[in-house]
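Dear colleague,

I am passing on the structure below, together with some notes on what came out of looking through it. Please open it first and keep it beside you as you read.

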Amino acid sequence: MRVLAAMSGGVDSAVAAALAVEAGHEVTGVHMALSRTPGTLRTGSRGCCTVEDAFDARRVCDLLGIPFYVWDFSEDFLDDVVADFLSEYAAGRTPNPCLRCNEKIKFAALLDRAIALGFDAVCTGHYARLIDGALYRSVDLAKDQSYVLAVLTPDQLAHSMFPLGELTKPQVRAQARARGFAVAAKPDSYDICFIPDGDTHGYLVDKLGARPGAVVDATTGEQIAEHDGFFAYTIGQRKGLGLSRPAADGRPRYVLGIEPTTRTVTVGPASGLDVRLVVADRVVFPGGRRPDFPIRVQAQLRAHGGTVGGSADLVDGTLRLSLDQAARGVAPGQTMVLYGGATPDAASAGPAADQYVLAAGTIVRTGG
Amino acid sequence: MTYLDHAATTPVLPEVIAAISQAMTLTGNASSLHTSGRAARRRIEESREAIAAALGARPSEVVFTSGGTESDNLAVAGIYRARVAADPRRHRIIAPAIEHHAVLDVIEHLVADAGAAVTWLEVDDFGRVHADTLAAAIAENPADVALVTVMWANNEVGTVNPIRELAEVAHTQGIPFHTDAVQAVGQVPVDFARSGVDALTVTGHKIGGPVGVGALLVRRDTPVTPIMFGGGQERSIRSGTLDKAGIIGLAVAVQDAVAHRVERAVAHAALRDELIRAVTAQVPDVQLSGDPGAGLMDGGPSRLPGNAHLRFPGCEGDSLLMLLDAAGIECSTGSACTAGVARPSHVLLAMGLPEPDARASLRFTFGHTSTIDDVTAVAQAIGPAVQRSRRAALAGARRR
C-alpha cells in the first residue's frame with residue numbers, strides 16, 4: 001500500500017512510520033504545519049509543532065530512507081480546532097482539541113488530501129488497535145488513545161493504520177533506540193500544542209477577554225464570590241475557586257454548573273456532581289456495527305479517566321446512558337465513549353469485548 | 001532522475017572538481033609571508049584576475065565572500081552604513097519587493113536595527129522594475145537615499161531587469177546601485193563596467209562552481225563598511241582566511257559560464273520552449289509567469305533562458321512537487337520556505353497574482369546537464385500529477 005505517515009516529530013509517530021516501512025508499504029512522511037508562525041524552542045515553544053519537531057521528523061525519514069514533506073494545515077487547524085476550542089469554552093463547555101484534531105484534521109483534511117493524491121492510508125503513532133475495521137483499546141492501557149479516535153467513522157478508520165496498538169510505550173522507545181532515532185528519549189507532549197506555554201486560562205482570557213460574573217452557592221443561592229471568566233472553570237473543579245468564605249457545613253465545594261449567558265458559576269457540595277444519566281449527540285459507531293439497544297456498556301466520560309458501567313440506549317439518534325453508579329465531573333462538551341457491547345469471535349485470540357469501541361458522542365447534558 | 005532545479009543549485013563541473021581537488025592538496029595561507037603563502041596568494045590572484053576579466057571588472061574590484069547571501073548582505077548593509085556615516089540624512093534604501101531574501105531580510109534588519117527606511121518599488125506583471133518607477137521613488141527625496149538595489153534577473157520567474165538603465169537613474173542623483181546577479185551570470189551577458197553598477201553579487205554554485213564561495217564586485221570608489229572583522233583580508237572589506245580551493249573552483253566556473261553562455265542560452269531556451277509546449281499539450285490551461293522570453297534586454301534575452309515558471313490553475317504547487325518527485329522529477333515551487341511551510345511566493349504576490357494562483361506554481365530550471373529526455377519525462381508525468389493535485393485541492397475546498 002501507499003501509506004502517508006503523519007509525523008509529529010515525536011517518538012511514537014517515528015516508530016509507527018518505521019513499522020509501516022518494515023511491513024513493506026511504500027511510505028511517505030508528512031509533518032503537518034498547524035501554525036502560521038511555527039515557534040522554536042528558542043522562542044519558548046514546547047508544544048508539538050515547533051520547527052525543531054519538523055526537523056526531528058525529517059531526520060527520522062532520512063534514516064528510514066523515505067521522502068518527507070511539510071504540509072500546511074494551519075488554516076484548517078485554525079478553523080476546525082482552535083475556533084471550536086474557543087467557542088466551546090465560550091459556551092461554558094469543556095472541549096478536547098486533540099480529539100477534534102483527529103476528527104477534523106488528521107483523519108479528514110490530511111486523509112482526504114492523501115487519498116486524492118493517490119495514497120491508500122494514513123498511518124499515525126496513536127496507541128489503539130484496528131482489527132477487521134473495528135477499533136479497540138491498545139495493549140498498553142496506560143497509553144491507550146482509543147478515546148480520542150472514537151469519533152472516527154468506519155470510512156475514516158478504513159484508511160487508517162495504527163501500528164503501535166500491540167506495543168507498550170517502553171517497547172516503542174526501545175524500538176526507536178534500536179533504530180538509532182534521535183527522538184528515542186524525546187519527552188512526551190502533554191500540552192495543548194497551540195498553547196505552548198501551557199497556560200490555558202491565560203490563553204482563554206487573551207482570546208476571549210475577561211468575562212467577569214458571579215460565583216453562586218447552589219445550596220443558599222447566594223453570590224459568594226466573583227470570577228473574571230467562567231471559562232477558567234470546569235465541572236467538578238475544586239482547586240482555584242477563590243472562595244474566601246467556607247461553606248456553612250465546612251464541606252469542600254465544587255463547580256456544579258457553568259451558565260455562559262449570565263456568566264454564573266455554581267458551586268456546591270460533591271453530592272451535587274453526582275450524575276446518573278448522560279445524554280450525548282453527534283453519535284458515531286466507529287466499528288460500523290450498530291448494536292441492538294438498550295445494551296450493557298463500559299463508558300469513558302473524559303480523556304483521562306476510568307470507565308463506569310451502565311446501560312445505553314439510542315433515542316432519536318441521541319445516546320442515553322444510565323449509569324450503575326453515580327459518576328462525578330462529567331462536563332458537557334466532553335466526549336462519551338462506549339466500550340464493549342459486541343463480543344468478538346469467541347474462537348479468536350483477539351482483544352476482550354470490553355476493549356471494543358462501540359460508540360462515541362458529544363455530551364450535551366447530564367442528569368442526577 | 002530528471003533534475004530540473006538548476007536555479008537552486010547546478011551540478012559541479014568536472015573541471016571545477018579537478019581544480020578544487022588539486023588545490024586542496026596545497027598547503028599555504030594566502031596571508032602568510034613564506035613560500036607556501038606566496039604560492040597560495042598567487043593562485044588566488046590569478047583566479048581573481050580571471051573572474052574580473054570574465055565579468056568586465058578590474059581585479060581590485062573583486063571581493064571574495066562565502067556566496068550570494070554574504071555578498072548581498074555586505075553590499076546592502078556595508079554601503080548603507082558607509083553612506084549613513086558620511087551623511088546621516090541618507091538612510092533610505094530603495095528596492096523592489098521581488099528581491100531574494102538575502103536582500104529583503106538584510107533591509108528589514110537595517111530598518112529594525114539601524115534606523116533605515118525603505119521604499120519598495122512596484123514591479124510590472126512580469127516582475128520587472130521600470131526606470132520611471134525608480135526615478136519617482138528617488139524623486140521623493142533624492143538626498144535621503146543610501147542606496148538602490150535591484151536584482152539583475154529574478155530567481156523565481158526569470159525576468160531580466162534593465163540594469164544599465166536603472167543604474168543610470170540612480171547615478172543621476174549620485175546614489176550607489178547594487179545588483180544581485182546570482183542568476184544572471186552565465187545566462188545573460190554580465191559586464192560589470194559596462195552595466196554601470198557599483199556593486200554586483202556573484203555566487204559559485206549556480207554556475208557549476210562550489211557552494212560556499214562567491215564574490216562581491218565593487219567599485220574602488222564605492223564606500224563599503226565591513227560586516228565581518230578580523231585579519232583585514234580583501235582590502236579590509238571582508239576579513240577571513242581566503243578559501244583558496246573554493247576561489248580557484250569559482251574562477252574555473254565563472255570562466256566556463258561566460259565562455260559557454262551563448263551556446264547554453266540557445267540550448268536551454270530551446271528546451272524551455274519545448275517544455276512549455278509539451279506541458280501545454282497535457283495541461284491546456286497552464287500559464288507562464290514572468291517575461292514571455294521573446295524580447296531583448298541589454299543585448300541578451302529578456303527572460304533567463306533556462307527558466308520555465310508555470311502556473312497550474314486549481315493545483316497546489318507543493319502537492320504537484322511531491323507527485324513529480326515520486327515520479328523521479330525534481331523541480332521547485334519557487335516559493336520561499338519558512339520552516340518548511342510553503343508560503344505563496346512574495347515575488348508572485350508582488351507581481352499582482354492572487355494567492356491561489358501564486359500557490360499553483362512550479363519552477364523548472366535547466367542547466368548544463370539538461371537534455372530533451374528531461375522534457376519528455378515531465379511531459380509524461382505532468383498530466384496525471386495535475387489531475388491528482390486538482391482532486392486534492394478540491395477535496396480541501398469542499399471541506400471549507
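To start with a single residue, A:Arg263 has 18 C-beta neighbours inside 10 Å, and it therefore counts as partly exposed, since a residue is called buried only from 20 such neighbours upwards and exposed at 12 or fewer. Please bear in mind that this is a predicted model. A:Arg263 sits in the loop between strand S10 (254-259) and strand S11 (264-268) of chain A, and its phi is near 60 degrees, a positive value in a residue other than glycine.

Chain B offers another case of this kind, B:Asp298, whose phi is near 50 degrees, again positive in a residue that is not glycine. This residue lies in the loop between strand S10 (296-297) and strand S11 (300-301) of chain B, and with 19 C-beta neighbours inside 10 Å it counts as partly exposed.

Returning to chain A for one more backbone detail, a cis peptide bond joins A:Phe293 and A:Pro294, with omega at about -10 degrees. A:Pro294 belongs to the loop between strand S12 (275-284) and strand S13 (295-300) of chain A.

On a broader scale, chain B is divided into domain 1 (2-9 + 261-399) and domain 2 (14-258), and the C-alpha centres of these two domains of chain B lie 28 Å apart. Their contact takes 29 residues from domain 1 of chain B and 30 residues from domain 2 of chain B. On the domain 1 side, the elements that give two or more residues are helix H9 (261-282), S11, strand S12 (307-311) and helix H11 (346-350) of chain B, and the largest share, three residues, comes from H11(B). The residues on that side of domain 1 of chain B divide into 10 nonpolar, 14 polar and five charged.

Finally, there is a helix pair in chain B that you may wish to look at. The axes of helix H2 (residues 35-55) and helix H8 (residues 244-259) of chain B come within 9 Å and cross at roughly 25 degrees; because angles under 35 degrees count as roughly parallel, H2(B) is roughly parallel to H8(B). The crossing of H2(B) and H8(B) is left-handed. Among the residues that make the contact are B:Ile44, B:Ser47 and B:Ile51 of H2(B), and B:Ile248, B:Ala251 and B:Gln255 of H8(B). By class, the contact of H2(B) with H8(B) has 12 nonpolar, two polar and two charged residues.

With best wishes

Technical notes
Residues are numbered from 1 along each chain as its sequence is written. Chains are lettered from A and ligands numbered from 1 in the order in which they are written. This is a predicted model: local features need pLDDT of at least 70, side-chain atom pairs count only at pLDDT 80 or more; totals for chains, interfaces and linings use all residues. Helices (H or I, at least four residues) and strands (E, at least two) are DSSP runs, numbered from the N terminus. Domain bounds come from an automatic or database domain assignment. Two residues are in contact if their C-beta atoms, placed from the backbone, lie within 7 Å. Ala, Val, Leu, Ile, Met, Phe, Trp, Tyr, Cys and Pro count as nonpolar, Asp, Glu, Lys and Arg as charged, and the others, Gly among them, as polar. Axes are lines fitted to C-alpha atoms, for helices over the stretch in contact, and angles run from 0 to 180 degrees between N-to-C directions. Angles under 35 degrees count as roughly parallel, over 145 as roughly antiparallel, 65 to 115 as roughly perpendicular and the rest as oblique. A crossing is left-handed if the near helix is turned anticlockwise from the far one by less than a right angle, and right-handed if clockwise.
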